[in-house]
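Good morning, and thank you for coming. I should like to take you through one structure today, beginning with the confidence of the model and ending with a single buried side chain.

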Amino acid sequence: MPIKRFYRLQRARLMAAPLSLQPVIGWRGRLLRITVLFCMAMIFLGLGAYVGYQYALNRNAVYLAEKMQRLASQTEQLGAGQAKLQLLEQQIKVGQGERDGLIQALSTAQSELAAKQEALSFFESLLQSNDRNRAVSFSACELQSVGGGHWRYRLLLVQGTDRSTEFAGRLQASVQYQEHGKRQNMQIEPLQVKFSHYLRQEGELTLPAGALPQLFEARIFTDNNKQAVASCQKKGG
């Protein structure tokens with residue numbers, strides 16, 4: 001039968017093969033084998049962890065380098081922005097200085113213009129004063145408030161035309177004011193004056209608090225005459 005023939009061939013093959021003896025591994029050998037396998041596994045695990053750590057470290061280094069480069073670029077841009085800001089601040093300061101200079105120059109020009117206008121008005125007053133028959137006359141008589149109960153008066157005395165001799169005399173001024181419903185009179189100390197052609201005289205007086213001037217009067221006398229040769233009046237301050 002085929003099965004029996006197969007068994008006989010198998011037995012003949014086994015009988016013809018040489019005998020080989022294999023030692024039996026004890027528990028120490030098994031333990032050693034397990035230990036070696038465990039060490040190899042730990043070595044491979046450590047090697048994998050090291051490779052992974054190096055890979056992560058390289059990636060972090062690249063990422064940090066990119067961050068540092070970006071930070072350096074932003075720092076450079078910030079420095080450029082600060083430089084531009086300082087430049088703009090300097091330009092603004094220069095512009096403000098130029099503006100202040102222009103304002104000061106404008107103020108000076110306005111002051112000079114006001115002085116010239118005042119001088120022009122003064123000389124116009126002189127030209128209009130052409131009374132040849134009088135030795136002297138008042139061309140201007142003003143009283144203005146300067147605040148705090150203080151008042152400033154301005155007088156302009158002009159000699160008659162063709163007068164070549166110097167005029168000498170005494171200038172007196174007074175102011176009438178009302179205080180608490182009563183009229184009061186303040187005399188200003190007389191002033192000796194000498195002038196040729198014209199005299200500009202200014203002064204300041206102080207009235208009691210709340211007092212308002214009603215009439216300001218100025219008179220000019222010659223040294224040997226008790227009667228005024230010229231006078232002027234200013235009503236209501």
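The term to have in hand is pLDDT, which is the predictor's confidence in each residue, on a scale from 0 to 100. It is needed here because what you see is a predicted model. Among the elements of the protein, β6 has the highest mean pLDDT, at 89, while helix α1, residues 2-16, has the lowest, at 70. The protein as a whole averages 80, and 84% of the residues score at least 70.

Let me turn to the overall layout. There are two helices and seven strands, and along the sequence they follow the pattern α-α-β-β-β-β-β-β-β. Of the 237 residues, 18% are buried. Considering contacts between residues at least 6 apart in sequence, 62% of them join residues at least 24 apart.

Next, the strand pairing. As a general reminder, strands of a sheet pair through backbone hydrogen bonds, and the pairing may be parallel or antiparallel. One open sheet here contains four strands in the order β4-β3-β6-β7, with antiparallel pairing. Its edge strands are β4, residues 182-195, and β7, residues 230-235, each of which pairs on one side only. From one strand to the next, the twist averages 15°. Within this sheet, strand β3, residues 167-179, is joined to strand β6, residues 212-222, by 10 bridges. Gly 169, for example, has Thr 222 in β6 as its bridge partner.

I now come to strand β2, residues 150-159. Which strands does β2 pair with? On the one hand, 10 bridges join it to strand β1, residues 136-147, and the two run antiparallel. In that pairing, Cys 141 stands opposite Leu 155 of β2. The hairpin of β1 and β2 has two residues between the strands, and Gly 148 takes a positive phi near 70° there. On the other hand, nine bridges join β2 to strand β5, residues 198-206, again antiparallel. Here Arg 152 has Glu 204 in β5 as its bridge partner. Strand β2 is mostly covered, with seven of its 10 residues buried.

Is Gln 159, which lies in β2, buried or exposed? Its relative accessibility is 7%, and the cut-off for buried is under 20%, so Gln 159 counts as buried. A polar atom of the Gln 159 side chain lies 2.6 Å from the backbone nitrogen of His 197. Leaving aside neighbours within four places in sequence, Gln 159 is in contact with Ala 135, Val 136, Thr 165, Glu 166, Phe 167, Phe 195, Ser 196 and His 197.

Two residues in that list deserve a further word, namely Phe 167 and Phe 195. The structure holds two aromatic pairs. One of them is formed by Phe 167 and Phe 195, a tilted pair with 5.4 Å from centre to centre and 50° between the planes. Because Phe 167 lies in strand β3 and Phe 195 in strand β4, the pair ties together parts that are 28 residues apart in sequence. Both Phe 167 and Phe 195 are buried.

To close, then: Gln 159 of β2 is a buried residue whose contacts include both members of that aromatic pair. Thank you for your attention.

Definitions and conventions
Residues numbered from 1 in each chain as written. Heavy atoms only, no water. Buried < 20%, exposed > 50% of the residue type's maximum accessible area, 1.4 Å probe, protein only. Polar contact = N/O pair within 3.5 Å; in protein donor to acceptor, adjacent residues only side chain to side chain. Contact = heavy atoms within 4.5 Å. Pairing = 2+ DSSP bridges. Axes fitted to C-alpha atoms, helices over the stretch in contact; angles between N-to-C directions. Phe/Tyr/Trp six-rings, centres within 6.5 Å; stacked < 30°, edge-to-face > 60°.
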